[in-house]
Amino acid sequence: MELTTTQLNFPNIKLIQFASPDLLGSEINMCPVLLSHLNWIAGQIPGGIRITSGYRTINHNKSVGGIANSSHLVGVAADVQTLTSAMRMKVVKLAIQRCITRIGIGKTYVHLDIDREKEDEIIFLS
Ligand SMILES: [Zn+2]
């Protein structure tokens, strides 16, 4: 099956949220495998999920203080908003169920990342 990045394939998430704010349409750069995981996660949570950062251009990554080789630059990472401890737990648990093995914990979000070029099986502070 070929995965394509169209809204139809991912009914539980709004793809436009994954665009770098400085480049219209850039959500197309998101990895469909990650989108598929996020679509599934969103389907498990009443009210769904909100993405606070998906794909980033180099300029946008700089402006948000992202690391130089951020996985957001290649579309294999996304930040899911988690405003409560319970929501953080839910997102982490569901991500692990989908075998997402690079997880970052931020104050108001969880960073989920399937970057195969980086260390695997880790939870870091983001
Ligand atoms: Zn992130």
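This is a chat between a trainee and a mentor about the predicted model shown above.

Trainee: Let's start simple. How many helices and strands does the chain have?

Mentor: The chain has three helices and five strands. Along the sequence they follow the pattern α-β-α-β-α-β-β-β.

Trainee: And how compact is the chain?

Mentor: Its radius of gyration is 13 Å. The globule rule gives 14 Å for 126 residues, so the chain is as compact as a globular protein of that length. The C-alpha atoms fill a box of roughly 35 × 35 × 25 Å along the principal axes.

Trainee: What share of the residues is buried?

Mentor: Buried residues make up 33% of the 126 in the chain.

Trainee: What about contacts between residues far along the sequence?

Mentor: Take the contacts with a separation of 6 or more. Residues 24 or more positions apart account for 60% of them.

Trainee: On to the sheet. In what order do the strands sit?

Mentor: The order is β1-β2-β4-β3-β5. The sheet is open, and its pairing is mixed.

Trainee: Which strands stand at the edges?

Mentor: β1, residues 51-53, and β5, residues 122-125. Each has a single partner strand, so one side of each is left without a neighbour in the sheet.

Trainee: How much are neighbouring strands turned against each other?

Mentor: By 30° on average, with direction ignored.

Trainee: What packs on this sheet?

Mentor: Helix α3, residues 85-97. α3 touches β2, β3 and β4. The helix direction makes about 10° with that of β4.

Trainee: Let's look at β2. In which sense does β2 pair with β4, parallel or antiparallel?

Mentor: Antiparallel, over five bridges. β2 covers residues 77-81, and β4 covers residues 109-113. One bridge to find on screen joins Gln-81 to Tyr-109 in β4.

Trainee: And how many bridges link β1 and β2?

Mentor: Two, again in the antiparallel sense. Look for Ile-51, which stands opposite Val-80 in β2.

Trainee: Is β2 mostly covered or mostly open?

Mentor: Mostly covered. Four of the five residues in β2 are buried.

Trainee: Where do side chains point along a strand, generally?

Mentor: In a regular strand they alternate between the two faces of the sheet.

Trainee: Back to α3. What span should α3 have?

Mentor: At 1.5 Å a residue, the 13 residues of α3 should span 18 Å. The end C-alpha atoms are 18 Å apart, which agrees.

Trainee: Which residues of α3 are buried?

Mentor: Val-91, Leu-94 and Ala-95. They cover an arc of only 105° around the axis, which puts them on the same side of α3.

Trainee: What covers those buried residues?

Mentor: The cover includes α1, residues 32-44, along with β2, β3 and β4.

Trainee: Then what does the face turned away from the buried side carry?

Mentor: Exposed residues. They are Ser-85, Ala-86, Met-89, Lys-93, Ile-96 and Gln-97.

Trainee: Why does Gln-97 count as exposed?

Mentor: Gln-97 has 12 C-beta neighbours inside 10 Å. The cut-off for exposed is 12 or fewer, so Gln-97 counts.

Trainee: How far is Gln-97 from His-37?

Mentor: In sequence they are 60 residues apart. In space they are 9.7 Å apart, C-alpha to C-alpha.

Trainee: What comes just after α3?

Mentor: Cys-99 comes there, with a positive phi of about 65°. Cys-99 is in the loop between α3 and β3, and is a residue other than glycine with a positive phi.

Trainee: Buried or exposed, Cys-99?

Mentor: Exposed, because Cys-99 has 8 C-beta neighbours inside 10 Å.

Trainee: What is phi at Glu-121?

Mentor: Phi of Glu-121 is near 60°. That is again a positive value in a residue other than glycine. Glu-121 is in the loop between β4 and β5. Glu-121 is exposed, with 7 other C-beta atoms within 10 Å.

Trainee: Last topic. Where is Ile-58?

Mentor: In helix α2, residues 58-63. Ile-58 has 13 C-beta neighbours inside 10 Å, so Ile-58 counts as partly exposed.

Trainee: And how far is Ile-58 from Ser-70?

Mentor: They are 12 residues apart in sequence. Their C-alpha atoms are 9.3 Å apart in space.

Definitions and conventions
Residues are numbered from 1 along each chain as its sequence is written. This is a predicted model: local features need pLDDT of at least 70, side-chain atom pairs count only at pLDDT 80 or more; totals for chains, interfaces and linings use all residues. Two strands pair if DSSP finds at least two bridges between them. Axes are lines fitted to C-alpha atoms, for helices over the stretch in contact, and angles run from 0 to 180 degrees between N-to-C directions. Two residues are in contact if their C-beta atoms, placed from the backbone, lie within 7 Å. A residue is buried if 20 or more other C-beta atoms lie within 10 Å of its own, exposed if 12 or fewer, and partly exposed in between; C-beta atoms are placed from the backbone. The expected span of a helix is 1.5 Å times one less than its number of residues. The arc is that of the directions from the helix axis to the C-beta atoms. The radius of gyration is taken over C-alpha atoms; the globule rule is 2.2 Å times the number of residues to the power 0.38.
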